[in-house]
Structures are given as structure tokens and as C-alpha cells.
Amino acid sequence: MKHLSPEQISSVVAGLRIPEEDHLRNCADCAREVERVQSVLTVFRSSVREWTDKMDHSEFPVHEAVSSRANAARPHRAPMAWVLAAAALAAAVAIPVYQDSRDRELKAQAERDAQLLDDVNAQLSRSGPLAMDPLMQLMAVPVGGPAKDLSKAPGSEPATMQDKGGIQ
Amino acid sequence: MDSPDTRPKAEISDFDAVVRQHWPRIFRFVLASIRDRDAAETLTQDCFLRAYQGRHRFRGEASVRTWLMQIAINLVRDFARSRRIRFWQRVKDMAVDCASLNDGLASHGNSPEAQAVAKEQVEAVWRATGNLSERQRTVFLLRFVEDMDLLEIANVMGVSEGAVKVHLFRAVHTVRERIGAMR
């Protein structure tokens with residue numbers, strides 16, 4: 001007689017239907033094996049249940065724990081809302097102030113940059129060193145006549161630092 | 001347009017009663033699944049906390065037990081996935097758990113030999129379930145510890161009854177191999 005396979009035994013223990021159920025009813029060996037496994041699982045169930053039941057829940061304040069956590073979860077919303085609202089308000093005030101301050105800073109910086117460029121341009125366009133300005137002014141004033149702008153004389157090049165040699 | 005009824009269903013209107021009635025079962029399932037008492041208590045608390053916070057969404061289409069077990073299964077799944085602790089991979093913890101698990105066997109009044117055999121078999125089942133896949137273990141525990149039928153298991157796990165059968169068959173077959181076949 002062909003007995004049930006291990007897979008068929010497992011199926012029966014799992015509570016699944018198999019076509020060979022007639023064999024199971026007539027074969028003491030197969031029925032014994034199924035009962036043995038079912039018995040082990042029954043003992044396993046009892047052990048797990050006793051094990052968990054032994055953990056006395058009375059020492060653990062179940063309801064208080066759940067209630068306190070449930071209650072604790074609720075008040076968190078209000079402070080969080082206030083924090084967010086305060087942050088939004090602070091941002092609403094701070095951003096325009098910061099923006100205005102930033103604009104002024106940029107404007108001042110632009111003015112300083114423009115001034116610096118003007119100074120550089122002025123320095124580059126000088127016909128001589130700053131210390132020689134009085135001497136150059138004296139030379140530019142002809143005796144008995146109005147001051148002549150040498151740099152604008154027809155046919156003459158604009159005065160440059162090379163002119164320093166001539167001045168000497 | 002009718003406004004939705006936001007009142008909790010009658011079954012859960014007294015939430016303290018829900019906790020009292022279902023706590024032991026949920027705790028047992030979670031503990032058997034993750035095998036750590038502290039974590040099991042925390043997850044069970046989380047389970048009831050989520051249920052409490054979502055009590056207005058409970059439509060009463062499933063039983064309260066099914067609803068709570070669905071939440072518990074998700075929490076256990078998240079916990080396992082978080083990899084904070086892999087209990088079933090720790091031989092040391094397994095040994096402690098097996099010792100605890102077998103404490104109750106002595107009270108059955110069996111002979112010392114029968115108790116020794118039963119202890120060995122329970123340890124084998126315990127270890128075998130530790131090596132099952134998460135779904136197989138969940139199905140196995142729901143079926144053989146919680147006595148749930150296949151359809152209810154399918155409902156709480158959100159899978160088909162056929163899938164439950166497949167997982168259960170594989171779990172039983174693995175466990176049976178671990179406890180040793182007689183033939």
C-alpha cells in the first residue's frame with residue numbers, strides 16, 4: 001500500500017483538502033503521523049499561550065499607557081501649531097526687514113564701487129603725479145595771458161606720464 | 001450632501017472595553033512574532049493607540065478582532081523590516097525564549113519522559129517558526145496559536161485565501177521537517 005507523501009501529510013495538517021482522504025481514513029500509519037504532528041502543534045499552542053499569559057498584564061498599566069499616549073499625542077498638536085504660527089509670523093516680519101536691509105547694503109556697496117572706479121579713472125587720467133600738480137599749474141599759466149589747457153592744444157597729444165621727462 | 005458619520009461604531013464606542021477584551025490576544029500574537037517582551041508591549045500599545053486614533057474610520061465591515069489584528073500585523077511587519085533587532089537570528093535569545101516557553105510544560109502532569117519529548121518538540125517548532133519567512137510565520141501563528149480560519153487570516157493579511165494556503169502549507173512542511181517525520 002502506498003502511504004501519503006510528506007507533502008500530503010503536511011497538507012492535511014495544514015487543514016487543506018487532498019484527493020487521498022480515503023487512504024487517510026483507512027491507513028493507521030498515516031493517520032497516526034497526522035495526529036502526532038497535530039499533537040505537537042497543540043502542545044506548541046498551549047506553551048505559547050501559557051508563556052504569554054504568565055506575563056502578568058496587571059503589572060503593566062495597559063489602559064493608562066494607551067490613554068496617556070493617546071492624550072499625550074493630542075496636546076502636541078497645539079504647541080506645534082503655535083510654533084509653526086510663530087515661525088511664520090517671524091518670517092513674515094523678518095524677511096521684509098532683511099530684504100530692505102539687504103537692498104540698502106547693495107546700494108551702498110554699488111555707490112562705493114562707483115566711487116572707487118571714479119577714483120581709479122581719475123588716477124589713470126592724471127597727467128602727472130599728485131605731488132607735481134602745483135608745478136604743472138604754474139607751467140600751464142602763460143605770462144600775461146589766460147591759462148592755457150595744454151591737454152586740449154590742437155595737434156598735441158593728451159598729456160601722459162611720458163610728459164614728465166619734458167617737464168623736467 | 002450628507003456628512004459622513006464620524007461617530008465610532010458601537011463595537012468600539014467603549015474603547016476601554018475593547019482594550020480589555022483584545023489586549024491579551026494581540027499581545028500574544030505580537031510577542032510570538034517578534035519574541036521580545038518589551039518590544040511586544042510597545043507594539044501592542046502602538047496597535048491600540050492607532051486603533052484609538054483611527055476609531056472613526058472603523059466601518060464595522062470586519063470584526064474588531066480582525067481590524068486590530070490587521071494593525072498588529074502591519075506593526076510587526078514594520079518592526080521586522082526596521083532591522084532594529086533580528087530576534088529569530090539570535091541563538092542566545094532563542095535559547096532563553098525556548099526555556100521560558102517550556103516552563104509551562106511541567107504543569108501538564110505528564111511523565112518526565114513525555115515532558116522531555118514535548119519540550120524538545122516545542123523547541124523544534126519554536127526554532128522552525130523563527131526560520132520561516134515573515135508571511136509564513138504570521139500565517140502559522142494565526143492558524144495554530146490564534147485558531148483563526150483561513151478566510152479570516154486572508155482578511156487580516158490582505159491576501160487571497162489561496163495565498164494563505166500556500167504559505168500555511170510551506171510553513172507546516174518546514175516545521176514538520178524540523179520536528180522530524182516518524183516515517
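Biologist: Which element of chain B has the lowest mean pLDDT, and which the highest?

Modeller: At the bottom is helix α5 (residues 91-101) of chain B with a mean of 53, and at the top is helix α9 (residues 161-179) of chain B with 94. pLDDT is the predictor's confidence in each residue, from 0 to 100. Helices here are DSSP runs of H or I, at least four residues, and strands are runs of E, at least two, numbered from the N terminus. Over residues 87-92 of chain B the pLDDT is below 50, and beyond near neighbours in sequence that stretch has seven contacts in the model. A contact means two C-beta atoms, placed from the backbone, within 7 Å.

Biologist: How should I read coordinates where pLDDT is low?

Modeller: Not in detail. This is a predicted model, where local features need pLDDT of at least 70, side-chain atom pairs count only at pLDDT 80 or more, and totals for chains, interfaces and linings use all residues. Residues are numbered from 1 along each chain as its sequence is written, while chains are lettered from A and ligands numbered from 1 in the order in which they are written.

Biologist: What's the mean pLDDT for chain B, then? And what ipTM does the complex get?

Modeller: Chain B averages 81, with 77% of its residues at 70 or more. The predictor gives the complex an ipTM of 0.74 and a pTM of 0.59.

Biologist: How many helices and strands in each chain?

Modeller: Chain A has seven helices and zero strands; chain B has nine helices and zero strands.

Biologist: What percentage of each chain is buried?

Modeller: For chain A, 12% of the 168 residues; for chain B, 36% of the 183 residues. Buried means 20 or more other C-beta atoms within 10 Å of a residue's own, exposed means 12 or fewer, and partly exposed is in between, with C-beta atoms placed from the backbone.

Biologist: And what share of contacts is long-range in sequence?

Modeller: In chain A, counting contacts with a separation of 6 or more, 37% are between residues 24 or more positions apart. In chain B, among contacts between residues at least 6 apart, 68% join residues at least 24 apart.

Biologist: Switching to the largest nonpolar core: which residues touch the most other members?

Modeller: That core has 57 residues, and the ones touching the most other members are A:F44, B:I26, B:V30, B:C47, B:A72, B:V76 and B:V125. Helix α2 (residues 15-34) of chain B gives the most to it, with ten residues. A nonpolar core is a set of buried Ala, Val, Leu, Ile, Met, Phe, Trp, Tyr and Cys residues joined through C-beta atoms within 7 Å.

Biologist: What does B:V30 touch?

Modeller: Leaving out residues up to four places away in sequence, B:V30 touches B:A40, B:L43, B:T44, B:A72 and B:V76.

Biologist: Now α7(B) and α9(B). At what angle do their axes cross?

Modeller: Roughly 90 degrees, with the axes coming within 8 Å. So α7(B) is roughly perpendicular to α9(B), a label that covers 65 to 115 degrees; under 35 is roughly parallel, over 145 roughly antiparallel and the rest oblique. The axes are lines fitted to C-alpha atoms, for helices over the stretch in contact, and angles run from 0 to 180 degrees between N-to-C directions.

Biologist: Which residues make that contact?

Modeller: From α7(B) there are B:R135, B:Q136, B:V139, B:F140 and B:R143, and from α9(B) B:V164, B:H167, B:L168, B:R170 and B:A171.

Biologist: Is α7(B) mostly covered or mostly open?

Modeller: Mostly covered, with nine of its eleven residues buried. B:R137 is among them, and counts as buried because it has 22 C-beta neighbours inside 10 Å. B:R137 touches B:S33, B:T129 and B:L132, not counting residues up to four places away in sequence. Its C-alpha is 6.9 Å from that of B:A171, 34 residues apart along the chain.

Biologist: Anything odd in the backbone? What's phi for B:R35 and B:D147?

Modeller: B:R35 is near 65 degrees, positive in a residue other than glycine. B:D147 is also not a glycine and has a positive phi of about 60 degrees. Most residues other than glycine have a negative phi.

Biologist: Where do those two sit, and is each buried or exposed?

Modeller: B:R35 lies in the loop between α2 and α3 (37-53) of chain B, and is buried because it has 22 C-beta neighbours inside 10 Å. B:D147 is in the loop between α7 and α8 (150-157) of chain B, and is exposed because there are 9 other C-beta atoms within 10 Å.
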